[in-house]
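The exercises below are meant to be worked through with the sequence and the three-dimensional view at hand. Each task is followed by a solution in steps.

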Amino acid sequence: MVLSKKAKQITTSLTLDITAKAKKMKAEGIDVIGFGAGEPDFDTPKNIQEAAIKAIKEGRTRYTAASGIIELKQAIIGKLKRENNLTYTPAQIIVSAGAKQCLANVFQAILNPGDEVLIGVPYWVSYPELVKLADGEPIYIETEEINEFKLTIASLNRALTSKSKAIILNSPNNPTGTVYSKDELMEIADFAKINNLIIISDEIYEKLLYGSNDHISIASLSEDAYRRTIVINGLSKAYAMTGWRIGYAAGSTETVSLMSNIQSHTTSNPNSIAQYASVEALNGNQDDIGKMIGQFKLRRDYMVEKINSINNLSCIKPEGAFYVMVNIGDVLNKSIDGKVIKDSIAFSDVLLEKEKVAVIPGIAFGVDNFIRLSYATSMENIKIGLDRIARFVENI
Ligand SMILES: *Cc1c(COP(=O)(O)O)cnc(C)c1O
């Protein structure tokens, strides 16, 4: 049987592989410390839970408009105005089953075969695969740790061709935690304008910031940037709602209506109950968010200091999200118990085997001399896990 060539070039998610192995060990009763989490370890705030229960009891359990209920679109419009200084009408908003579905819809809506999408390395695992699924071509832009893994205009210019169609911006960034300044965003907006590129701005971590700067949406920088940007956001990370599957996108009416048509034939509306709960998330009391951010900041500070105190490991201090990229370059090609640590997968495998600590190999994000640690886990776990990593590295 000849199955789809397109589907066959989609990679399995490396992040999920290691997580599955760690879960299996845990189920066998082994005391594994997991740094793999791509989601907050907090419960969804009470007021949001209650709004969902109310929605069920009131019978909000049927199909809704495919692109989302108007109440939620209005809440999103209010949020984008209040927090991001962006003005949209309901026809410019789509609600999807997570930001990931918004991204899938966007690429389907904007790409023709062979169109190129500029993606900074390290990248979020799904960007290249979603581009390929839409017949586009991911173009990888190398960055440097010393430059906080930021895209530079020089590197973008080198990657540019006549087929360049769009650029993905993800600030705060997964996996690096990097946050772009207003000036850097202006440079990227200018670059997009000069080269007539669509900007896909994934702002899912906007609330998880630990420095003094507020989040700035690139779409808010100029009339031109507003017109060429599709803002991607969602409830998963900020409101600890990963399982509820609600994300949204805002952009031109033309693009959003194509995205809505695609969604209407693939999944129809996102879960009706979760949509009503999301109205409460956006419009209701925000105190729980502040508490989560406070916890994340404490954990980040501890983690960064501890990692940099370990010989042969280092990391830069991430300004947002909940991940740290740890540079393992100094231990590569050395060995432990006769096993050579030749790359990030070997490091992660042997670490899991020997010290029962699960981390994500950097190669999942396109960089083989790093591992990613998530601090979406308790301080107690972080302390124990980092002590084990320290012992592991000392023995290499
Ligand atoms: C988690 C994540 C998403 C997707 O989140 P959803 O749960 O689908 O809303 C999108 N982009 C990045 C960078 C992420 O880390």
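In strand β15, isoleucine 371 is the bridge partner of proline 361; strands here (E, at least two residues) and helices (H or I, at least four residues) are DSSP runs, numbered from the N terminus. The structure is a predicted model, in which local features need pLDDT of at least 70 and side-chain atom pairs count only at pLDDT 80 or more, while totals for chains, interfaces and linings use all residues. Residues are numbered from 1 along each chain as its sequence is written, and side-chain values use heavy atoms, with hydrogens and water left out.

**Exercise 1. The sheet around β15**

Task: Determine the order of the strands in the open sheet of 4 strands, and state which strands stand at its edges.

Solution.
Step 1. Two strands pair if DSSP finds at least two bridges between them. Strand β15 (residues 370-374) is joined to β14 by 2 bridges, and the two run antiparallel.
Step 2. Besides the link from proline 361 to isoleucine 371, isoleucine 360 has arginine 372 in β15 as its bridge partner.
Step 3. Between β10 and β15 there are 5 bridges, again in the antiparallel sense. One partner pair here is valine 326 with isoleucine 371 of β15.
Step 4. The complete order is β9-β10-β15-β14, with antiparallel pairing. Because β9 (314-315) and β14 (360-361) each have a single partner strand, they stand at the edges, and one side of each is left without a neighbour in the sheet.

**Exercise 2. The faces of two strands**

Task: For β15 and for β2, establish which residues lie on each side and whether those residues are buried or exposed.

Solution.
Step 1. In a regular strand the side chains alternate between the two faces of the sheet.
Step 2. Buried means under 20% relative accessible area, exposed over 50%, and partly exposed in between (1.4 Å probe, protein chains only). In β15, 5 of its 5 residues are buried.
Step 3. One side of β15 carries Phe370, Arg372 and Ser374, the other carries Ile371 and Leu373, and both faces are covered.
Step 4. Strand β2 (residues 93-96) is likewise covered on both faces, with Ile93 and Val95 on one side and Ile94 and Ser96 on the other, all buried.
Step 5. The partner of β2 is strand β8 (residues 247-250), paired with it in the antiparallel sense over 4 bridges. Within this pair, valine 95 stands opposite tyrosine 248.

**Exercise 3. The surroundings of the ligand**

Task: Find how many residues surround the ligand and which are the closest.

Solution.
Step 1. A residue is near a molecule if one of its heavy atoms lies within 4 Å of it. The ligand is surrounded by 13 residues, the closest being Ala99, Asp202, Tyr205, Ser236 and Lys237.
Step 2. A polar contact is a pair of N or O atoms within 3.5 Å. A polar backbone atom of alanine 99 is 2.6 Å from an oxygen atom of the ligand, and a backbone N or O atom of lysine 100 lies 3.0 Å from a ligand oxygen.
Step 3. Tyrosine 205 contributes through its side chain, where an N or O atom is 2.7 Å from an oxygen atom of the ligand. Taken alone, the ligand exposes 390 Å², of which the protein buries 94%; such areas come from the Shrake-Rupley method with a 1.4 Å probe.

**Exercise 4. Backbone exceptions in loops**

Task: Identify which peptide bonds before proline 172 and proline 175 are cis or trans, and where asparagine 196 and alanine 321 lie.

Solution.
Step 1. Most residues other than glycine have a negative phi, and most peptide bonds are trans.
Step 2. The bond from serine 171 to proline 172 is cis, with omega near -10 degrees. The bond from asparagine 174 to proline 175 is also cis, with omega near 20 degrees.
Step 3. Proline 172 is in the loop between β5 (164-170) and α8 (182-194), and proline 175 has its place in the loop between β5 and α8.
Step 4. Asparagine 196, in the loop between α8 and β6, has a positive phi of about 50 degrees. This asparagine 196 is exposed, with a relative accessible area of 59%.
Step 5. Alanine 321, in the loop between β9 and β10 (323-327), has a phi near 60 degrees. In contrast to an exposed residue, alanine 321 counts as buried at 0% relative accessibility.

Notes
Polar contact = N/O pair within 3.5 Å; in protein donor to acceptor, adjacent residues only side chain to side chain.
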